[in-house]
Amino acid sequence: MSADPAPSLHLAVYDGMADWQYGHAIAQVRSGLGPHGAGSLGVVTVGLTGAPVTTMGGVTVLPDLTLPQLKPSASAMLVLPGSPDWDWAPETMAPLASAAGIFLDAGVPVAAICGATAGLAREGLLDHRDHTSSAPGYLLGTGYAGGHRYRSELAVTDDDLITAGATAPVEFAREILAKLDVLSPRALQAWYRLHALHDEDAYLILMEET
């Protein structure tokens with residue numbers, strides 16, 4: 001009997017997705033540098049439909065899966081980037097927020113950044129979890145009841161939920177990498193110092209650890 005395939009990180013893709021917000025995370029996860037060896041996790045793209053989408057930077061992406069095919073049991077994490085559609089077409093994006101709730105109920109992590117945090121707020125997923133976003137007033141506009149759980153930080157992890165503001169892609173990636181345990185704590189600290197603080201010495205530590 002063959003073993004079940006290793007779970008993958010699932011990246012939701014849709015028109016207008018902000019290219020800079022997920023790149024650090026998926027590149028590091030897929031590269032496999034760390035204690036688990038090369039190719040530690042696959043990255044699978046998930047679309048609302050099977051149609052190609054165009055990112056904010058003009059890159060065309062053909063989804064690997066459609067949302068109805070996505071199962072939490074086959075996933076290590078669902079990542080939701082920002083897009084204007086989270087605010088301009090919330091009804092279109094609602095199935096993704098609903099899927100995030102299913103993932104969290106199943107104990108599978110969800111990471112949302114920028115506009116995706118507003119989608120989770122509309123779904124009620126931030127009412128009882130610590131979280132952040134681009135600004136507290138932005139989420140209050142959704143009518144959610146979780147303002148008392150807002151944290152003025154670049155990225156916040158509360159159990160299986162990771163949230164971040166629009167301009168914190170490196171901090172977002174750090175939280176994702178920590179949750180997935182793809183780098184040792186020392187390597188993760190060095191990774192962050194290298195990418196966020198441009199610390200050249202951190203590169204040597206990262207090479208020692210990986």
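In this predicted model, residue E91 belongs to helix α3, which covers residues 90-105. With a relative accessibility of 58%, E91 falls above the 50% cut-off and therefore counts as exposed. Its C-alpha atom is 9.5 Å from that of G119, a residue 28 positions away along the chain.

Helix α3 itself is built from 16 residues, and the distance from its first C-alpha to its last is 22 Å, close to the 22 Å expected at 1.5 Å a residue. In contrast to the exposed E91, several residues of α3 are buried, namely M93, L96, A97, A99, A100, G101, F103 and L104. It helps here to recall that an α-helix has 3.6 residues a turn, so residues three or four places apart point the same way. The buried residues of α3 pack against a mixed set of elements: the strands β1 (8-13), β6 (75-80), β7 (110-113) and β9 (161-164), together with the helices α2 (85-88) and α4 (115-122). After α3 comes G107, which has a positive phi near 80°.

A second point of interest is the pairing of helix α6 (residues 169-180) with helix α7 (residues 185-197), which pack at an angle of about 165° with their axes 10 Å apart. Since angles over 145 degrees count as roughly antiparallel, α6 and α7 are therefore roughly antiparallel to each other. The crossing of α6 past α7 is right-handed. On the α6 side, V170, E171, A173, R174, L177 and A178 make the contact, and α7 contributes L188, W191, Y192, H195 and A196. Sorted by class, this contact comprises eight nonpolar residues, one polar residue and two charged residues.

Technical notes:
Residues numbered from 1 in each chain as written. Predicted model: local features only at pLDDT ≥ 70, side-chain atom pairs only at ≥ 80, totals over all residues. Heavy atoms only, no water. Axes fitted to C-alpha atoms, helices over the stretch in contact; angles between N-to-C directions. Helix = DSSP H or I, 4+ residues; strand = E, 2+ residues; numbered from the N terminus. Parallel < 35°, antiparallel > 145°, perpendicular 65-115°, else oblique. Left-handed = near helix turned anticlockwise from the far one by under 90°. Contact = heavy atoms within 4.5 Å. Nonpolar A, V, L, I, M, F, W, Y, C, P; charged D, E, K, R; others polar. Buried < 20%, exposed > 50% of the residue type's maximum accessible area, 1.4 Å probe, protein only. Expected span 1.5 Å × (residues − 1).
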